[in-house]
Amino acid sequence: MSFEIIMPVLGMNQDTGIIAQWLKKPGEWVSSGDAVLSVETDKAVQDIETRHEGYLSHVKYEEGAEVPVGDVIAQLTATPEESTASASAAPAVSAAPVPAV
């Protein structure tokens, strides 16, 4: 069984969040309550905790990527084999330049 980690809504007018830092590496065990990544918005940087446990896998975005709210950014899997198999299956999406407003 796997659990999805999605880009959360951290503010009322937030459409996207920037992955400031991954605090766990793909294949690393994550316990319930562990901070997995830091997300930056226009107002703050916040650590994102998980309510589930498993091995971090299927990481879809690299640090610096701007991600729409609600997008799946990674998964937690039950076995390390699932996490290492997924690491080679699909490359992470690189950060895209953020247009100046």
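Trainee: What is the strand order in the open sheet of 4 strands?

Mentor: The order is 5-4-2-7, with antiparallel pairing. Strands here are DSSP runs of E with at least two residues, numbered from the N terminus, and two strands pair if DSSP finds at least two bridges between them. This is a predicted model, in which local features need pLDDT of at least 70, side-chain atom pairs count only at pLDDT 80 or more, and totals for chains, interfaces and linings use all residues. Residues are numbered from 1 along each chain as its sequence is written, and side-chain values use heavy atoms, leaving out hydrogens and water.

Trainee: Which strands are at the edges of that sheet?

Mentor: Strand 5 (45-49) and strand 7 (66-68) are the edge strands, and each pairs on one side only.

Trainee: How many bridges join strand 2 and strand 4?

Mentor: Strand 2 (residues 16-22) pairs with strand 4 (residues 35-40) over 4 bridges, in the antiparallel sense. Gln 21 has Ser 38 of strand 4 as its bridge partner.

Trainee: Now strand 8: how many of its residues are buried?

Mentor: In strand 8, 6 of 6 residues are buried, meaning under 20% relative accessible area with a 1.4 Å probe, protein chains only. Strand 1 (residues 3-6) pairs with strand 8 over 4 antiparallel bridges, while strand 6 (residues 54-57) is joined to strand 8 by 3 bridges, also antiparallel.

Trainee: Which residues of those strands stand opposite Leu 76?

Mentor: Phe 3 has Leu 76 as its bridge partner, and Leu 56 stands opposite Leu 76 as well.

Trainee: And what does Trp 22 contact?

Mentor: Leaving aside neighbours within four places in sequence, its contacts (heavy atoms within 4.5 Å) include Leu 37, Leu 56 and Ile 73.

Notes
Buried < 20%, exposed > 50% of the residue type's maximum accessible area, 1.4 Å probe, protein only.
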